[in-house]
Amino acid sequence: MQFQLTEEQLMIQQAARDFARNECKPGVIERDELQQFPKEQILKLAELGFMGMMVDPKYDGAGMDSVSYVLAMEEISKIDASVSVCMSVNNSLVNWGLETFGSEDQKEKYLKPLARGNKDGELYIGAFLLSEPEAGSDATSQRTTAVDMGDYYLVNGIKNWITNGNSASVYLVMAQTDLSKGSKGINALIIEKNWPGVTVGAKENKLGIRGSDTHSILFSDVKVPKTNRIGDDGFGFSFAMKTLAGGRIGIASQALGIASGAYELALAYSKERKAFGKEISQHQIIQFKLADMATRIEAARLLCLRAAWEKDQHLDYSLSSSMAKVYASETAMWVTTEAVQIHGGYGYVKEYHVERLMRDAKITQIYEGTSEVQRIVIGRQILK
Ligand code: CAA
């Protein structure tokens with residue numbers, strides 16, 4: 001066992017840190033306020049290769065490892081979690097799902113531009129469409145239908161809370177083909193946003209990650225060629241679960257970054273702010289808060305890196321990714337709340353960033369499997 005990062009991993013971490021400070025920090029408060037999708041930042045992120053970080057270079061990816069992905073996600077999430085969720089969905093749900101289970105034609109047509117993050121100079125990213133108005137945690141209860149019409153599927157239904165909903169060009173959609181087969185009757189289909197019958201619904205007005213564009217997507221008699229099905233007939237639910245196991249490493253790293261961003265701000269503030277004749281960092285009550293924050297963040301970081309390392313070693317990482325996600329997201333919520341507390345009244349106003357980080361932290365306990373779902377996954381594995 002060794003805890004050292006390689007030279008390459010350190011360089012990627014530094015590049016992500018510089019990018020976050022130079023490209024994401026300016027305007028982050030305004031983008032949050034105005035719910036503005038960070039398109040410019042995502043295009044620049046794509047130039048760095050961060051929208052296809054782990055994709056094989058033969059499919060136009062950057063060929064980096066999952067440990068580097070965790071490092072980059074942490075750095076970018078310290079500053080702007082709306083940028084990092086877009087990056088996470090594109091990398092871990094869309095690209096990984098296509099690269100691992102897609103056909104060569106699908107990789108050629110869709111994965112390559114998705115890994116580059118652009119096609120003909122325009123933003124080109126993907127979205128993952130599993131959740132529905134009545135199927136969130138209970139993901140096998142899909143109501144969206146994909147009726148087998150011979151050489152194509154006819155898709156009807158609604159998907160909810162879709163990250164990159166309006167900005168994505170490509171959707172990976174889970175839909176029920178044979179209800180009698182339950183989870184084995186679900187298919188994963190690649191649907192292009194501009195196909196007839198696809199409508200982007202209203203943008204959600206959210207508590208946090210307000211720059212990220214979250215929409216419902218409606219399908220009305222959308223014809224999807226069978227060549228756009230990922231894997232065999234009925235593979236869709238298994239596809240979603242396997243893909244989400246990696247996605248959860250991305251969201252865990254996002255939560256880690258939100259927590260460490262808030263901690264760094266609180267630490268710096270505690271050394272500047274004076275009360276009762278000394279810096280507040282010199283009061284034991286603040287020191288104890290900082291000590292607990294640092295300890296929990298380090299534990300979350302180790303869980304994230306462990307899950308990523310297992311993925312890089314081609315080991316089973318579904319247990320460790322759920323552990324990383326539940327722990328890091330709960331750490332993010334706790335640390336950001338304490339960071340606001342350390343800032344006092346200043347923490348409650350936008351200029352000091354910590355209130356945004358606290359709002360952003362909450363979603364990490366909800367999307368890509370709630371904390372309750374992670375405990376189901378962990379519980380089943382430790383009891384089997
Ligand atoms: N890999 C492969 N197969 C799996 C699997 C995995 N990791 N997990 C489950 N399966 C299989 C099971 O083996 C089972 O097959 P059998 O019937 O042959 O045994 C089948 O799938 C059904 O599984 P379960 O019986 O375990 O299903 P369940 O109804 O009990 O639900 C669950 C399990 C873990 C709760 C699952 O529904 C789940 O993960 N729910 C949460 C969904 C989720 O994470 N949604 C996030 C939306 S995406 C998002 O947020 C993206 C974004 O925009 C940010």
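Is W161 buried, exposed or partly exposed? At 47% relative accessibility, W161 counts as partly exposed, because that label covers whatever falls between under 20% and over 50%. Keep in mind as we go that this is a predicted model. W161 sits in strand β5, which runs over residues 152-163. There's something to look at in its backbone too: W161 isn't a glycine, yet its phi is positive, at about 55°. Most residues other than glycine have a negative phi. Q35 is another case, a non-glycine with a positive phi of about 55°. Q35, though, belongs to a loop, the one between α2 (28-34) and α3 (39-47).

Now for the inside of the protein. In soluble globular proteins, nonpolar side chains tend to be buried together. Here the largest nonpolar core has 110 residues, and the members that touch the most others are F50, I76, M87, I191 and F219. Which helix gives the most to this core? That's α7, residues 236-272, with 16 residues.

F219 is a good place to zoom in. If you skip its neighbours within four places in sequence, F219 is in contact with a list of residues that includes L129, V155, Y171, V173, I191 and V198. I191 also appears among the core members with the most partners. The contacts of F219 include N156, G157, K159 and G197 as well.

Next, helix α5, which spans residues 81-101 and holds S84. With a relative accessible area of 0%, S84 is buried. Beyond its neighbours within four places in sequence, S84 is in contact with M73, I76, S77 and Q254. I76 is one of those well-connected core residues we just met. To get a feel for distance, pick out Q9: it is 75 residues from S84 along the chain, and their C-alpha atoms are separated by 18 Å.

What about the cysteines? The count of disulfides is 0. C24 is in no disulfide, and the nearest cysteine sulfur, the one in C86, is 11 Å away. Why can't C86 bond to C24? Their sulfurs are 11 Å apart, which is too far for a bond, because a disulfide needs the two sulfurs within 2.5 Å. C24 is buried, at 0% relative accessibility, and C86 is buried as well, at 1%.

For a charged side chain, try R359, in helix α10 (residues 354-363). Is R359 buried or exposed? Its relative accessibility is 13%, so R359 counts as buried. Leaving out residues up to four places away in sequence, R359 touches D32, L207, G208, R210 and K350.

Finally, the ligand. It has 24 residues around it, and S137, T163, K184, R248 and R380 come nearest. Several polar atoms pair up here. For K184, a side-chain N or O atom is 2.5 Å from an oxygen atom of the ligand. S137 uses its backbone instead, with an N or O atom 2.8 Å from a ligand nitrogen. E368 also takes part through a polar backbone atom, 2.9 Å from a ligand oxygen. How much of the ligand does the protein bury? Taken alone, the ligand exposes 1100 Å², and the protein buries 69% of that.

Key. Residues are numbered from 1 along each chain as its sequence is written. This is a predicted model: local features need pLDDT of at least 70, side-chain atom pairs count only at pLDDT 80 or more; totals for chains, interfaces and linings use all residues. Side-chain values use heavy atoms; hydrogens and water are left out. Buried means under 20% relative accessible area, exposed over 50%, partly exposed in between (1.4 Å probe, protein chains only). A nonpolar core is a set of buried Ala, Val, Leu, Ile, Met, Phe, Trp, Tyr and Cys residues joined through side-chain atoms within 4.5 Å. Helices (H or I, at least four residues) and strands (E, at least two) are DSSP runs, numbered from the N terminus. Contact means heavy atoms within 4.5 Å. A residue is near a molecule or strand if one of its heavy atoms lies within 4 Å of it. A polar contact is a pair of N or O atoms within 3.5 Å; within protein, one must be able to donate a hydrogen and the other to accept it, and residues adjacent in sequence count only if both atoms are side-chain atoms. Accessible areas come from the Shrake-Rupley method with a 1.4 Å probe; for residues, only the protein chains shown count as cover.
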